[in-house]
Amino acid sequence: MTRTAVVTGASSGIGEATVVALREAGFEVFAGARREDRLRRLAERTGARVAVLDVSDARSIEAFVSGVDECAILVNNAGGALGLEPIAEADDDQWLSMYSTNVLGTMRMTRALLPRLRQSGDGHIVVVGSIAGFEVYPGGGGYTAAKHAERALTRTLRLELLGEPIRVTEVDPGLVETEFSLVRLGDAQRARGVYAGMQPLIAEDIAGCILWAVTRPPHVNIDEIVVRPRDQATATAVHRRRPADG
Ligand code: NJP
């Protein structure tokens, strides 16, 4: 039986790789993000159904969800970080934006699709969180606060859905080279510096974890997958080769 998945934040990085992996594994996919041109190319490449979706906008979610007739798997992936300023210089708009995408976006998408997940008889909610959901670091206040909140939401869901045929999985990556750092820092050179001298994960590494979690038998709930590059032990402990090391 073909199962249908919804993936948010599908226009780049982990979301895009997840759509590709799910399609290759035979799932029907509805994919959403704000950049329509990227979505159109993804649809041509994979056969996924695509529609514009801004998870920070309740009306955009309503319009997107109205086009989704079935949903057994919801991958709440849309999100990210903005800025690296200390709390003393925190920017209200950046904090609000991080909350409205990572936290409210996940809550609203989940609330809107719960009836379809229930209807499927074997629903699965995947949340792409972060090691920032349980670690903190200087300059990361807004992002870590938002990902801590998203993690609390995910753990609460698992309790509230206990007894229903719906699984809840959180996937928490460390450093993955996507557009994440470009969006966060707004500068390509600084973004490249985040991964300098170390080997980060790639989007496909995380997509593989998501695919594995959603293809376990229905009675198996993978609660959490924490996945980091070998070169990373915590958010701030990263092994970098010096240029002299070659
Ligand atoms: O980043 P990127 P990732 N409504 O920037 C979309 C978490 N994570 O793949 O709307 C709808 O390549 C955006 O699309 P668009 C991270 O927190 C990452 O790495 O067209 N969609 C794009 O498709 C996030 O939750 C790392 O701009 C919205 C996608 O989200 C998830 O992984 C580490 C949106 C972002 O793709 C995917 O990020 C970690 C909105 N309002 C956790 N706002 C890492 N990369 O190192 C954004 O611990 N999007």
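Helices here are DSSP runs of H or I with at least four residues, numbered from the N terminus. The model itself is predicted, and helix 4 is a handy place to start looking around. Met-98 lies in this helix. With a relative accessibility of 3%, Met-98 counts as buried, because the cut-off for that label is under 20%. Its C-alpha atom sits 6.4 Å from that of Ala-146, although 48 residues separate the two along the chain.

Helix 4 covers residues 92-120, and Asp-92 belongs to it too. Asp-92 is exposed, at 59% relative accessible area. Together with Glu-85, Glu-89, Asp-91 and Asp-93, Asp-92 forms a negative patch on the surface.

Helix 1 tells another story. Nine of its twelve residues are buried, leaving this helix mostly covered. Among the buried ones are Gly-13, Ile-14, Val-19, Val-20 and Leu-22. The helix runs over residues 13-24, and at 1.5 Å a residue it should span 16 Å; the C-alpha atoms at its ends are 17 Å apart, so expectation and model agree. Just past the end of helix 1 comes Gly-26, with a positive phi of about 95°.

Then there are the salt bridges, and the whole structure holds 14 of them. One of these pairs Glu-28 with Arg-49, with 3.4 Å between the closest N and O atoms. That bridge joins strand 2 (residues 28-33), home of Glu-28, to strand 3 (residues 49-52), home of Arg-49, across 21 residues of chain. Both partners are partly exposed: Glu-28 has a relative accessible area of 29%, and Arg-49 has 37%.

Another salt bridge connects Arg-35 and Glu-179, whose closest N and O atoms are 3.1 Å apart. Here the partners are 144 residues apart, with Arg-35 in the loop between strand 2 and helix 2 and Glu-179 in the loop between strand 7 and helix 6. Arg-35 is partly exposed at 34%, and Glu-179 is partly exposed at 23%.

A further pair is Glu-135 and Arg-228, at 2.8 Å between the closest N and O atoms. Glu-135 sits in the loop between strand 5 and helix 5, while Arg-228 is in the segment after strand 9, so this bridge ties together parts that lie 93 residues apart in sequence. Glu-135 is buried, at 13% relative accessible area, whereas Arg-228 is partly exposed at 24%. Salt bridges also form a network, made up of Arg-151, Glu-170, Asp-172 and Glu-224.

How values were computed. Residues are numbered from 1 along each chain as its sequence is written. This is a predicted model: local features need pLDDT of at least 70, side-chain atom pairs count only at pLDDT 80 or more; totals for chains, interfaces and linings use all residues. Side-chain values use heavy atoms; hydrogens and water are left out. Patches are made of residues with over 30% relative accessible area and no salt bridge: like charges are joined within 9 Å, nonpolar side chains (Val, Leu, Ile, Met, Phe, Trp, Tyr) within 5 Å. Accessible areas come from the Shrake-Rupley method with a 1.4 Å probe; for residues, only the protein chains shown count as cover. A salt bridge is a side-chain nitrogen of Lys or Arg within 4 Å of a carboxyl oxygen of Asp or Glu. Lys and Arg count as positive and Asp and Glu as negative; His and the chain ends are not counted. The place of a charge is taken as NZ of Lys, CZ of Arg, CG of Asp or CD of Glu. Helices (H or I, at least four residues) and strands (E, at least two) are DSSP runs, numbered from the N terminus. Buried means under 20% relative accessible area, exposed over 50%, partly exposed in between (1.4 Å probe, protein chains only). The expected span of a helix is 1.5 Å times one less than its number of residues.
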